[in-house]
Amino acid sequence: WVQTTRPRSRYGVARKRTLTRWYVPDDDAASAQGTERSSAVAGGQEEDLFNQHGFFGSKQQLLDLRILLVDNHDSYTYNIYQYLSTMTQHAVDVIVNDAYSSWDEFITSLHHDCPEDENGGSPINLQDHYDCVVLSPGPGSPTEPSDMGIVLDLIRRNSQVPILGVCLGHQALGYVYGCDVKLAPSGPVHGQLSAVTFEVEEENDECTCDLFKNLRRPFDVVRYHSLVVDTSECSCIEPLAWCKYQEDDDATAGPFQSSDENICMALRHKNYPHYGVQFHPESIGTGEAGYQLIWNFCEFAQSLRQRRNVHTTSYLRKGSDDQGKESPADADNDEKDSRYRVLLHKIEADLILPLPEQVFDEFYSSCADSFWLDSSTGETAFGEDMVDESSCPISSNSRFSIMGANDGLLSRKIEYFGREHKPLDRGLRVRSAESKEVRLESEGILSYLRHEMEDGQELVQSIEEIVFEDSNGQAAVAAVADEPPFDYRGGYVGFLGYEVRHDTQCWSFQQEGGMSACEWESTGRSSDTKTNPNIPTAAFFFVDRSLVYDHKTGEWYLIGVSTNNSEESFDDTVSWMRETSTKIGNLRRLRALEESKEPHCLVDEIAFVPNRSKAQYQADIARSHEEIRNGESYELCVTNQLELKVDILPHPTKEVREMPFELYKLLRRRNAAPFSAFMSLHAADRSLPGSGRVSICCSSPERFLSINRASSSTGRRFVVESKPIKGTAARYVGSEPDAREIDQRIAQTLKLSVKDRAENLMIVDLLRNDLGRVCEVGTVHVPKLMNIETYATVHQMVSTVRGTINGDKTSAIDVIEACFPGGSMTGAPKQRTMDILDEIEQGVSRGPYSGCLGYISLNGCMDMNIVIRSAILTPVDGEMPNRWNVSIGCGGAITALSNSEDEYEEMLLKSRILRETIDEWRRLNFVEVDGIT
Ligand SMILES: C=C(O[C@@H]1C=C(C(=O)O)C=C[C@H]1O)C(=O)O
Ligand SMILES: NC(=O)CC[C@H](N)C(=O)O
């Protein structure tokens, strides 16, 4: 489907008009402007992009402006928050629009914060607290009261307060003042650039804001909207800017009609300081012009206040001063003894050491509980050098493989069964090495991890090296000469399934004073019939013994965690190190297995049964389009699950539960991916309630979140990175001489595709938002936008979003809570879209698919993938012991530009490599296959 020739791209057109600073489609231009950076995060220079480009430094004087930002449940609000926070010396307060049941309740709450005597008993006005208000974008319509919360009353009651409404906020202003708010004649436009033109003010009236000061005419903006404001019948509103819908554009590819009407892109009230913009000034695609526009509004708000000689009081307000949070790690934490001690041993060997697959096979494949965070793209055949990082965009994410089992003295298995499971199974269970079980009924997985990491002063910053004199000799502890080249220090390894979203979304809205998500949560919409009872909602190992392989140097490291002040624990770790390094040293490296030569079979032969039939999936897409048309969502990631029961022949030497690893070995060969992983979780006792029995074979190309230490910084600064993927094209694999060229043309077409760029942009803006909740002001940036990466069967469009956190205030768990589930698996705006997807997918749990898998290390660093391109295997109960349920989740983003036939094909394409591999696995071990009916 990618090979259909499309008309000239909207981006192509836009580029000729203006080049926004950040939004440059070709790499040359990008690197010329310094937006390309090394993707090796640890050690990269991390100044923020704003300062690098200087435009923000030019606003040297911070404004003295108290800003209230009302969040209409959007996924772009924190992009506005970040911009505003760089403009004013005060903290910007964010409240979600339904945090209060009425305007009066909100004003009364301000009253509570205001000491009676200082206020002289007079009624509290918004102006006593805030100099201006910004209304965020959002799902829904201003005509629907439940979408707007206090916003309509806020506008009605505050005619003298400067207000800037963005998108839904703009529509709300139009609606309050009597304009018609209707479906856009052009149909929805999401994530595309449009040229906006405006009239230049002849005379400059002091009481009006020139929103477009210092902007070019026309300038390019990103739009995310389905509704428009018709100002024609409204005498008190003046339209300020327009865009025209262009007939020759590509946007008609989807199911929507176009029209060439002028669309109102900005408005103002003729007598009040109320302004609206229909487009998104905070989008990375609108770039500097959007920043300038918001600055123009803020500068105006300040000058208006000065003219009116209004003084705002500085009562403590609800909201985000320092994000209102206690620091999880006190400043004096370093002086406290941490609970653990991290030991490292580097295996010295003259011989070439074995590759990870061989080591996993030898040590862990027969363990009930084991993991391998595999960097299969980093693998090289015997004696070959690893691909130069600069020439291979994915290899830099593939330098290290980490593996281990739940087998040390301190190891624990933590399994969490959330509300989608049967009441008897629910809760959190912690099983330690001595098989002691602790059951915590009302603890969530993230709150458990948070408590563990905070209570035990678990952030261990130091690492000690263990050296052995000779194989029998004494161990000596030495300060590490060189820090190891990776940030992993042992700790928590596991996955969070998609259903952990109930916990994290609740957190997000609590941060802004909202309760709605949590109230929804307590109603417990569980559907235990549609959840596989063998698969926990989340599961982690506390790993005290792990092996790390450096694909670049071929070196192995052992990481051991022992209890501080315990000789027994230290000795145990050291003897494990001695034993393991000897064993690894004695394993002769086998030749790296080459990519499977197995011919790609006709996969239709295997009877996978989709959870949603083709007709149903297309109906789901139609429903998604309906939601998009009505302004409820900008993009929805609709998913399906392909299921199969497979019988596997008993193996002469392996146990049944080892068979999934045999599948994983085939998968990593067929579909090498930088964030691939294997995880196995098998309860010894099948009848234990709340015990998982599942194997995850994952070949994910996508990073959800990583946290690495920022090199050149003072204090505890960490770099957070996400690499969202949107945009998928089938590769051309053929044997003819020009096959490679055809394949490269497909990659190039993907890079320029309007539809895919729009999809990608929406998720990049969403990730900027999510990181903007927790990152330091002005640090969120996009070093790589819309890069193409190539895998065995697909080309992918990948962007990189980064920001900086202060480790004294913000932990890995905070970052997960702000960002989970990954926006590329939900769509935008996240909360509303997930609610719609829940209905579309009829409450069927996605399980590990769509969640994340990886590590949270004892030094606060983290690496988590997005669980896609994965097979989830669970044993079939009560039947032959070698019968497996196999489930492959797959889906894709639906936007206004999607075509339902193409999307169905794309969903199948994403699962293809898995289906082929499973077919090979079962043919190698074949008895019989049934689809699940
Ligand atoms: C939903 C899947 O993938 C997601 C959707 C993509 C897309 O729409 O192009 C690309 C990568 C993933 O974020 C999947 O692989 O099942
Ligand atoms: N981004 C937005 O604020 C969208 C506003 C409204 N829901 C629309 O679709 O037009």
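## A walk from ligand 2 to the domain boundary

Start with the shell around ligand 2, which by class holds 6 nonpolar, 6 polar and no charged residues. You are looking at a predicted model, so keep that in mind as you click along.

**Stop 1: around ligand 2.** Select Pro-137, Gly-138, Pro-139 and Gly-140, then add Cys-167, Leu-168 and Gln-171. Next bring in Tyr-224, His-225, Ser-226 and Leu-227, and finish with Gly-631 to complete the surroundings of ligand 2. Which elements each supply at least two residues of this shell? Colour α9 (168–176) and β7 to see them.

**Stop 2: the two domains.** Now colour the protein chain by domain: domain 1 covers 10–16 + 62–322, and domain 2 covers 337–930. Where they meet, 44 residues of domain 1 are in contact with 43 residues of domain 2. On the domain 1 side, highlight α1 (10–17), α4 (77–85), β2 (93–96), β6 (189–198) and β7 (219–225), each of which supplies at least two residues of the side touching domain 2. The element that gives the most to this side is α4, with 6 residues. By class, the domain 1 side that touches domain 2 has 19 nonpolar, 19 polar and 6 charged residues.

**Stop 3: α4 against α19.** Stay with α4 and show helix α19 (residues 754–774) as well. At what angle do these two pack? The angle is about 60 degrees, and the axes of α4 and α19 are 7 Å apart. That angle makes α4 oblique to α19. Turn the view to follow the crossing, in which α4 passes α19 in a left-handed manner. For the side chains, select Thr-77, Tyr-78, Asn-79, Tyr-81 and Gln-82 in α4; they meet Asp-765, Arg-768, Asn-769, Gly-772 and Arg-773 in α19. The residues of this contact divide into 2 nonpolar, 5 polar and 3 charged.

**Stop 4: around ligand 1.** Finally, centre on ligand 1, which 16 residues surround. The closest are Ile-725, Thr-728, Ser-824, Ile-868 and Ala-893, so label those in your view. Then show β25 (635–648), β30 (725–730) and β37 (883–894), the elements that give two or more residues to the shell around ligand 1. The largest share, 5 residues, comes from β37. How is this shell made up by class? The shell around ligand 1 has 5 nonpolar, 7 polar and 4 charged residues. For a last look, put this beside the shell around ligand 2, with its 6 nonpolar, 6 polar and no charged residues.

Note on methods: Residues numbered from 1 in each chain as written. Chains lettered and ligands numbered in written order. Predicted model: local features only at pLDDT ≥ 70, side-chain atom pairs only at ≥ 80, totals over all residues. Domains from an automatic or database assignment. Contact = placed C-beta atoms within 7 Å. Helix = DSSP H or I, 4+ residues; strand = E, 2+ residues; numbered from the N terminus. Nonpolar A, V, L, I, M, F, W, Y, C, P; charged D, E, K, R; others polar. Near = placed C-beta within 6 Å. Axes fitted to C-alpha atoms, helices over the stretch in contact; angles between N-to-C directions. Parallel < 35°, antiparallel > 145°, perpendicular 65-115°, else oblique. Left-handed = near helix turned anticlockwise from the far one by under 90°.
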